[in-house]
Amino acid sequence: TVAELATWGPKLLAGLRQLPGFVDVSADQQNGGLRVLLDYDRIAAARLGLTAQQIDSELASSFGQSLASVMYRERNQYYVVLEAAPHHTRSPADLANVYFGNRTPLASVATSQIKTMPLQINHTGLFPSVTVSFNLVGMAAGDATREVEALQSRMGMPATIHGAFSGTLEAFKQS
């Protein structure tokens with residue numbers, strides 16, 4: 001899963017960087033994206049006359065875009081899109097500015113957690129993947145494959161994560 005890759009990708013990367021003979025170790029995984037998880041307190045919202053659908057709708061209006069109109073001219077048509085001003089939607093802290101009926105702040109009916117997530121999710125076939133690349137100095141391809149496999153075993157990488165070699169090491173394994 002993506003969550004397992006977010007955990008084990010950096011661990012494998014750090015482990016490979018510690019192995020002698022492995023240089024220029026890098027990965028295509030970037031876990032620096034931000035996400036905000038909102039947890040609605042449905043009881044508190046109900047006391048204030050709000051439903052989860054109303055909260056969702058207000059958040060979509062505050063942070064999303066919606067088609068307001070289409071202007072038709074002789075040769076073109078122009079879409080009018082309604083959105084909040086960008087300076088009001090730049091960071092998770094802007095959730096504090098969401099109100100229901102100009103009186104009830106979002107914080108009174110929901111709690112938020114800021115977490116990180118991948119900026120993009122690469123795939124190999126249908127499966128999410130992380131590509132870790134490296135160069136070898138003074139080490140044979142056979143020794144490198146054994147070192148990588150031994151590292152994965154020592155780390156206790158779960159069976160749900162499948163590793164495969166590509167490039168020169170793939171050709172070596174096939175031969």
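**Exercise 1. Place Asp24 on the chain and work out what is odd about its backbone.**

Solution. Start with the surface: Asp24 is exposed, because its relative accessible area is 55% and the cut-off for exposed is over 50%. Keep in mind as you go that this is a predicted model. Next, find the element: Asp24 sits in strand S1, which covers residues 22-27. Now check the backbone: phi of Asp24 is near 55°, a positive value, and the residue is not a glycine. That deserves a second look, because most residues other than glycine have a negative phi.

**Exercise 2. Track down the salt bridge and describe its setting.**

Solution. Begin with the idea: side chains of opposite charge can pair when their charged atoms come close. Here the count comes to one salt bridge. The partners are Arg146 and Asp143, whose closest N and O atoms are 2.5 Å apart; the cut-off is within 4 Å, so the pair qualifies. Then look at the spacing: both belong to helix H4 and are three residues apart, which means about one helical turn separates them. Last, take the acid partner's exposure: Asp143 has a relative accessible area of 37%, so it's partly exposed.

**Exercise 3. Stay on helix H4 and take Ser153. Is Ser153 buried or exposed, and how many Å separate Ser153 from Val98?**

Solution. First, the address: Ser153 is found in helix H4. Second, the exposure: a relative accessible area of 59% makes Ser153 exposed. Third, the distance: Ser153 and Val98 are 55 residues apart in sequence, and their C-alpha atoms are 48 Å apart in space.

**Exercise 4. Find the nonpolar surface patch and say which element gives the largest share.**

Solution. List the members: Leu34, Val36, Leu38 and Ile114 make a nonpolar surface patch of about 330 Å². Now sort them by element: strand S2, residues 33-40, gives the largest share, with three residues. Leu38 is a handy one to check, as Leu38 lies in strand S2. At 31% relative accessibility, Leu38 is partly exposed. Patch members need over 30%, so Leu38 makes the cut.

**Exercise 5. Describe the largest pocket: its volume, its lining and the elements behind it.**

Solution. Take the volume first: the largest pocket holds about 1000 Å³ of space. Then the walls: 32 residues line this pocket, and those nearest its centre are Val130, His162, Gly163, Ala164 and Phe165. Sorting the lining by class gives 17 nonpolar, 13 polar and two charged residues. Finally, the elements: at least two lining residues each come from helix H1 (2-18), strands S9 (127-129) and S10 (132-136), and helices H4 (141-155) and H5 (168-174). H1 has the largest share of the pocket lining, six residues.

**Exercise 6. Now do the closed space. How many cavities of 30 Å³ or more does the structure hold, and what lines the largest cavity?**

Solution. The count is one cavity of 30 Å³ or more. The largest cavity has about 100 Å³ of space. Its lining has 14 residues, and Gln29, Gln120, Ile121, Ser129 and Val130 are closest to its centre. Two elements, H1 and S9, give two or more residues to that lining; H1 gives the most, with three residues. By class, the cavity lining has seven nonpolar, six polar and one charged. To tie things up, compare the central residues: Val130 is listed for the largest pocket and again for the largest cavity.

Terms used:
Residues are numbered from 1 along each chain as its sequence is written. This is a predicted model: local features need pLDDT of at least 70, side-chain atom pairs count only at pLDDT 80 or more; totals for chains, interfaces and linings use all residues. Side-chain values use heavy atoms; hydrogens and water are left out. Patches are made of residues with over 30% relative accessible area and no salt bridge: like charges are joined within 9 Å, nonpolar side chains (Val, Leu, Ile, Met, Phe, Trp, Tyr) within 5 Å. Accessible areas come from the Shrake-Rupley method with a 1.4 Å probe; for residues, only the protein chains shown count as cover. A salt bridge is a side-chain nitrogen of Lys or Arg within 4 Å of a carboxyl oxygen of Asp or Glu. Helices (H or I, at least four residues) and strands (E, at least two) are DSSP runs, numbered from the N terminus. Buried means under 20% relative accessible area, exposed over 50%, partly exposed in between (1.4 Å probe, protein chains only). On a 1 Å grid over the protein atoms alone, a cavity is a set of points where a 1.4 Å probe fits but cannot get out, and a pocket is an open set with protein on both sides within 12 Å along at least five of seven lines; lining residues have an atom within 4 Å of a point. Grid points are joined across faces, edges and corners, and a volume is the space filled by probe spheres set on the points. Ala, Val, Leu, Ile, Met, Phe, Trp, Tyr, Cys and Pro count as nonpolar, Asp, Glu, Lys and Arg as charged, and the others, Gly among them, as polar.
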